[in-house]
Each structure stands twice: as C-alpha cells, then as structure tokens.
Amino acid sequence: MTISNDQDQFKSDTNVKQVEDIHTLDNVRSLHTLVRAISLSHGEFSLILLRCNYAALCQRVVQRLHQLSPVRIREITLPASVKMLYINIREQLGDEQPPRLMIFGLESVKDIDKVLTSANQVREEFRKNFPFPILLWVNDSVLQKFIRLAADLENWATIIEFENPTDELVNFLQQKSYEIFAGNITPNSQMCRELETARQDLQNRGEVLEATLQASLEFVLGLNDYLHDQIDSALAHYQQSLGFWQQSNYLERQGILLVNIASVYNRQSEKNQIENQRYWQESSNYFQQAIEIFEQAQRSDLVAKHITKLGEVLRSLQAWSELQSLVEKSLPLHENYGTSLQLAKDYGFLAEVALEQSRWAEAHELAGQALQILAEIPNLQSNEFGWYRFILAKSQQSLGQFEAAITNLKAAMVETNHRYNPQLYISILERLRLLYFEQGEYLKAFNIKQEQLQIEQQYGFRAFVGASYLKPQRQEISLRQFQVENPETIAQEIAVSGRGQDVKRLRERIGGSEHKLTVIHGQSGVGKSSILQGGLIPALQQEAIGERDALPILLRVYTDWVGMLGQSLAKAFEEVRGNQLFTNLDSSAAILEQLRRNADRNLLTVLMFDQFEEFFFVYPDQGQRRAFYEFLRVCLDIPFVKVILSLREDYLHYLLELERLFNLNAINNNILDKNIRYYLGNFSPADAKAVMQSLTERSHFYLETALIDELVRDLAGELGEVRPIELQIVGTQLQTEKITTLDKYRQFGTKEKLVERFLEEVIHDCGAENEQVARLVLYLLTDENGTRPLKTRAELAADLPIEADKLDLVLEIFVASRLVLLLPESPADRYQLVHDYLVFFIRQQQGNEILAELAREREQRLQLVDAQQEAYRQIRQGRMWLMVSSGLAVCLLLFTSILFLYTLSRTQVPKNYDDKKQEAENTVKKAEANYNLVTQPLQSTQKQHIAIQNKAQ
C-alpha cells in the first residue's frame, strides 16, 4: 500500500532548503511521510520499501532523513553475492538491535529472484526477530520482482516513492552522455541502468528529446548493451547513432562510434571461433576508419588512445608487416600523449614481430624493455605482466636459454588468470609442456598436458577431455564488460546426459532429511569423481536448499585429512559468505565445532570424500583409521551436515569395518543399506549420443550424425553400454586426428585404430628413452589367455632389467592416463590394464616384437648368470691348482738342494769337481722350469676370471 501524506506536518516543517535538497515538493512530502511511519513503528517490526531509481537522489534523501530523525538509523549494504536476505541481516547485525535499520544494495544482488523468494518463505522470522522498522531501498525493477516473488512479504510493506523532476532528468541525460562520449567517465552497470530509466521516465511523461540528445542516448544504450554482452542490439544502437553524427559531420563522435563498432566485431571474434578471421577483419576496417577520422579532426590524443586496439586486432590476424608499420606510428604518439602501459604494449608488439621474423636476440631485448616499463608503474596488477613474460620466454627458448625460459613461463602462469584470458594461459601451458618434454622432465610435461586439457574443456575450446576429470564449465570474463564474477556451471557432458538426472537425485537426497549418508559406487571410469566436481558441486552452489546455502567440501587426498579438510572448509565458507574464518581448523574437534556453527548460520554443509578407497591404503593400520571413523560418526549426528563417500564398488566391503567398530545410529547401523548406496553406471547409447552432439556443438567441432551413430554402436558393443572414460578417450583422438565424417572414420580404421593412437600417445608421453620400457610394461600386463593379470611393481621389475626410476615414471603416467589401474593393496600395490579389449590390441599390434625383446632380455640375463657361474668355477679350480703346484714346487726345490749338497760332499777328486758342479746347476734349472710349468695354468685361470667379471659388469 501507499501511505497518504500528512499535510499538516508537511506544512509545519517544509522550507525552501528541503525543496532544494530533494528537488520537488512531492519528495518533501514523501520524506515527512517516511519520518512519521518510522515513528509509528517504534519498538516493533515494520517494512518500508523506498522506491527510488537514482543514486544521487537517494543519497540526498538519506542525508536529509538523518537530519530529521530523532533517533539513530543503522545502515547496512547487501553484498552482491548474498543468497539469503534474512541471514545476511542477522550476520551483519550480530547481537545488535538498532532502533531503525536502513538497507542498501538490493538492486545489485546477482541472484535477486532467489533472495526475494527465500525472504518470502521466512517472513515470520523477520517479524519475530527484528523488532524495529526496516527501510529497504528498491528501484522499479526490484519492486516489480518483489511484488511478483515475495507477495506475502510485500503485503506487509509500506511503499514510499521518490522521483526526479523532468528538467533534472534531461540535465542528467545530457551531462552523463557528454561525459561518456568525452571519455571522462566509464559507465558502470548502475549508471547505464539509471540512464535507461531516465529515458523511459521522460517517455512516460510525454517528453520528446531533441535529435542530438537522442543520438547521444542511442550511443549510451549501445554501450550498455555491449557491456552486458548483448552484441547484436549494441551494434544496432551504434549504427543508428553513427548515422546521425555522419549527417551532422561531427568528426570526433563519428570516430568514437567507429571505435565502438570495431570493439563489437572484436567481441564477436572471441565468441565465434569458427568465423573469427572474418570478424577480426571487420574490426580492423572500422578501427582504421576511426584512426583516419581522428586524424582529419587533428585529434592526435584520440589517435594515441585507440591505436593500440588496432594493434591487438592486427596481432590476432598475424598481419606482422602492418603491425610493424602501425607501431612505428604509435610509438611517438604514445611518448607524447600515451601512458606507460601503451608504451609497453608497443614494445611487446615489436617483440612479437621480431619473434615471427626469427630475430631472437632483438625480441629478447624488446620484451625486456616492455617488462622494465611495467616494473616502474606503481601498484600495477600482476596480470599485466603475463603476455610480455610469455614473449620473453619464447625468445629465450630460441636462444637456447632453456632454464630461463622455464622460469619465465612458470612466472607467466602465476601472473595470467585463465578466467580473463584462457587462450594466453593455454599457450603458456603448451610452451611449458614442450620445454619440459625436451628437457626430459616427462612427468612434469604430462601433468601440464592434463591441466591444459582441462582448461580447454572448461572454456569450450575442446570437445573432449580424454582421461582427465571433468570440471565445471566456465566462460571467459571480458574486462570490458559487466561480468564481475565467473559462476561455474554443471559440466555439459553431465547436463545433457543421464548424469543430469543423477545430479538432480543426489541434490534431492542432500536436501531431504532421510539421507545423512550417501555412498556413491561404481566401476572405475564411470565418472564418480567427475559427477561430484563437475556436476553436484556447481549444482549446490547455484541454488540454496530451502532456507540454507549449501557448503560443499570435496576431499580427494587423505595423507593429512584433518589439515586438508580444515583448509577446504575455511575456503568454502569464505566463498559462500564472503567472511573470513579466524578460527584455526587444525584439529578434528575444531572442524566439528565449526560444522555445528555452520548449522546455526543457516548453512547446509556437505562433506564429500572422493576416491575413498585410497583412505584405507594411506592408513593401513586399523588404529590409524579409528580417528576418522569417530569423526564421521559425530558428523552424522550434527544437524544440517551431510556426508558423501565415493569409491569403486570392489572396495565397498571395506566400509563394513566402520559399522563393526562404531555405533552408527544415524544410519541404523547399516552402512551398505540399499537406501544409502547410490550406483553410478555407464552411459546408455542415447545418452552417449546426446553427450557427443552437445560437446562438439559447444566447441564448434562438428561431427556428422552418421559418424556419431556408428561410433556409439562401436563403443556400446555387445553390452549395449558406453563407458564414459572410453567415450572421452576416443572422442579426444577424433579431435586430434580431425575426423569429422563417417568416411574418414572408416578410412582411419574405426574405434580400434583410435584406441591404438591413444596408446601410442601415452607411450610417447613417457619419452623416447622410455618407449621400449613402456611397451614392455603394457605387454607384461597382458597374458596369452587374453586377460589382464594383476602385477606388483616388484613382479614387473623382475622381468625388466632397467633402472627403477624408469619403471616408476612409466607406471605413474599410465595410471594418470587411466590406461592402467592402480589397486592399492597390502603388502604391495598392484597394477592392471584398464580394460579387456586393450589386451588383444596390445598383443596383436606389438606381440612379436615385444616377445623377441623379452626373449633377448631373458637370454642376456641367462648368459650373465652362466658367465658368473663359470667364473666362480674356474676360480675354485685355480685355487686348487695353486695349492698343489705350490707344494710340488717346494718339494722339488728341497730335493734339489739336498742333492746338490750331497754331490759336493762326495766329490773327492778335484779333476771331477767342475763336472759335478755343472750337473748340480743343471738339476736346479730343471726344477725351476718344472715350477713355472705348474704355476702357469693358475695365472691363466685368474686372468680369465677377471675378464669374465668385467664382461658381466
């Protein structure tokens, strides 16, 4: 309802000053009506809606109201991210009970419909807990929504209106349109909304605007549409405004319109990757016309202001010669009229031209100059450095400075926010991956590749993500437009398939009171992790559950589950409520206490423990697991806390230990009850088709309908189901090989050939020096019966005489590629090929070569063993020969000596002395010869042993 004005009170208090402050007698009457309504509601709840469409008028009214009010009026402003009006008011007030409360910011709330709907649902809470008047500022748009969505609450409200007079509206339009045209102000969302409202108010009053003001308003309306990404409407307004200024020969405004039209086409190129070349060319043409117009008007300052935008378009077109010429023109302009940022951009353009022309040293120097200019700008945001650092790293790579290039690329990754420039971020990842790979850092290169695939999938540059986890969809934020946040949405693969229904059912389970615990289970590769991260979490974040905001917490690593859970809880709370937690959540007791406080703050906390089978192998001792079991038991007893455990179904029985050790009354001591378990299976053929059609459409990678039909039939096979992981892997190979028609698919070799290429790509990721090891590992994970044997690392190593780090690297990449399953078990983890159909493929394609290689490896090992055994045998034999020959030699020498002495003693005849002496000497020499003859075999044996040992080593 609308309160009638109290004429007597008005007459007694009105004065000229009040009229000057708030412009009209009607506004003065409304102000005094407001004061009276506040006084009548002292000490009790009342809701007063203050309708006003203009911020300046609102401020003047508030200022005057504070002067007239006998008591203090408490003011609060709603954050744009608010989800629940009642809860936000309570949190901002705390225990305070002010005599009056005035609320601003409702018009800026992003999710205004849900805020108003929830406020209507809890209207009795306002009446019970707020015993004071609440003054709520609204504009026409919010008021209309209030009446429609919160009708019950609106029925309790008093509406008081404040309006600007006609001449004030005309002056407002003229002043703001002039300032916007002149570039003195950059319009924000509120200003654009007020300008449109002013135009509409004047039309409703029958006012006809003069042509100049109408043309200016067309420009402003076009700018408003552009800032809200309504591109076609913006272009129509701009063209209409341009026509007027061309007729009036107003050069400056013609140039400004041409610049803005060029910006529209540039935005079109960002939104439409298929036709971006055409849009870039249109944008370039309009920018060129604008520069020429500014030059005719002799406005070098405007040329300097807008010429950089033309440079960016030429860079996108890779028109390097034109860009070089343009920068030679812009550099002196920017030295006189420009900013340091524009000068840095000029040097960045020149550096990129030098790179394209293979002038590496010059590119390095120019990029360094640009970074030096940026470094001297105070308080410059770090995201300004990323592109220049990327250029510098590319020049360093070409100059052979690989370590420096890697360092700068890592810095560029940190400085570049993919939400604002995903293409640059992807280019940085690609370059860093290649450098790591060339340097032999294969695992780092592989991890970068996985991140690149996920970013490309999130922003729609890639239809399929391969073996990576799905993440929520994102849209690039344009710094030129009103997109103050980048809300995550459900991954398209989930939304268009039967998984969308799974997300809906899981959300209903969380919102209901029956399911305190949900156990999601299914085979490996069906998408359990993806449905949580890419489906359920964004679904919970998008919409409140009843009167409560959902607070989803995802945990996937359990080495320090308390620390990780505490950090994740604090971060999620800050994102949802915008307030930082100052409590240290470094113990399970602190976390449990925070969960209880969350319940008091109208939060519904959802704890998600993904890949939960890992928990049992991180903590193999039951005593270590008991702390988590106790934590989980308490969680199930805390109101408004829900728990999700997600694990492979072949590990479901591990949960029975929890039920056996603890009393779980909240779930009737039946953790594997059918109502608790939620099975996640494969795609149906219809769902698989829907996924492929939707994904390829979003990324503009269009597949022929006949190709999709046949591919889904091939993937479904005899089971009639499609494994999500296989759909992603095969789809990724389609995109890599650029196969878009059924004919190309059949020529290529159908699904099996695509799988072969996937295998080859994973093997390539391991590096050239590890290729043979990778092939051998795959072969060892198969057998002649066509099955997938489970093998430990030790068993694989026994068949591979290689360095341990090679095997570890290969296994880690295979597991992360989802080609091999890691089965954590005690006492040793085991590995298994992911699917049976790969067995035939691996043995058929590589069998003979790998069998020969394994045979050669085994033969070499046998030869080494035989050589070592022969060496030990000969050593033992040689030692025996040494003992025997040494004894014989000593005996011979002793015998010869005795014989020699005897001969001398028996010699009596001098004439025979010389003959006997000669005979004795001959005997000694013969004995020495016999000694050498005996010891020679031993020396030969020792030499052979040394040679054999060297060969074995």
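The legends below describe close-up views of a predicted model.

**View 1. The open sheet of five parallel strands.** In this predicted model, 5 strands follow one another in the order S7-S8-S9-S6-S10 and form an open sheet with parallel pairing. Strand S7 (549-555) and strand S10 (677-679) are the edge strands, each pairing on one side only. From one strand to the next, the twist averages 20°. Within the sheet, strand S6 (residues 517-522) and strand S9 (residues 641-648) run parallel and are joined by 6 bridges, and Thr 518 has Ile 644 of S9 as its bridge partner. Helix H26 (residues 528-542) packs on the sheet, where it touches S6, S7, strand S8 (603-609) and S9, and the direction of helix H26 makes about 160° with that of S7.

**View 2. Strand S5 and its parallel neighbour S1.** Strand S5 (residues 157-161) is largely enclosed by the rest of the structure, because 4 of its 5 residues are buried. Strand S1 (residues 46-51) runs parallel to S5 and is joined to it by 5 bridges; in one of these pairings, Leu 47 has Ala 157 of S5 as its bridge partner.

**View 3. The surroundings of His 334 in helix H17.** His 334 belongs to helix H17 and, with a relative accessible area of 1%, is buried, the cut-off for that term being under 20%. A polar atom of the His 334 side chain lies 2.8 Å from the backbone oxygen of Ala 304. Leaving aside residues up to four places away in sequence, His 334 touches Ala 304, Ile 307, Thr 308, Thr 339, Gln 342, Leu 343 and Asp 346.

**View 4. Residues of the nonpolar cores.** The largest nonpolar core has 118 residues, of which Leu 65, Trp 137, Phe 162 and Tyr 238 touch the most other members. Helix H18 (residues 340-356) gives the most to this core, contributing 9 residues. When residues up to four places away in sequence are not counted, the contacts of Leu 65 are with Leu 31, Leu 34, Val 35, Ile 38, Ile 73, Met 102 and Leu 135. A second core, separate from this one, has 107 residues, and among them are Val 641, Cys 766, Leu 796 and Leu 833.

**View 5. Two buried cysteines, Cys 192 and Cys 766.** Cys 192 has a relative accessible area of 2% and is therefore buried, and Cys 766 is likewise buried, with a value of 0%. With a disulfide taken as a pair of cysteine sulfur atoms within 2.5 Å, the count comes to 0 disulfides.

**View 6. Positive phi at Gln 318 and Lys 738, in two loops between helices.** Gln 318 lies in the loop between helix H16 (300-317) and helix H17 (320-337), and its phi is near 55°, a positive value in a residue other than glycine. Because its relative accessibility is 54%, Gln 318 counts as exposed, the cut-off for that term being over 50%. Lys 738 is placed in the loop between helix H34 (724-737) and helix H35 (742-748), and although Lys 738 is not a glycine, its phi is positive at about 60°. Lys 738 is also exposed, with a relative accessible area of 60%.

Technical notes. Residues are numbered from 1 along each chain as its sequence is written. This is a predicted model: local features need pLDDT of at least 70, side-chain atom pairs count only at pLDDT 80 or more; totals for chains, interfaces and linings use all residues. Side-chain values use heavy atoms; hydrogens and water are left out. Buried means under 20% relative accessible area, exposed over 50%, partly exposed in between (1.4 Å probe, protein chains only). Two strands pair if DSSP finds at least two bridges between them. A polar contact is a pair of N or O atoms within 3.5 Å; within protein, one must be able to donate a hydrogen and the other to accept it, and residues adjacent in sequence count only if both atoms are side-chain atoms. Contact means heavy atoms within 4.5 Å. A nonpolar core is a set of buried Ala, Val, Leu, Ile, Met, Phe, Trp, Tyr and Cys residues joined through side-chain atoms within 4.5 Å. Axes are lines fitted to C-alpha atoms, for helices over the stretch in contact, and angles run from 0 to 180 degrees between N-to-C directions.
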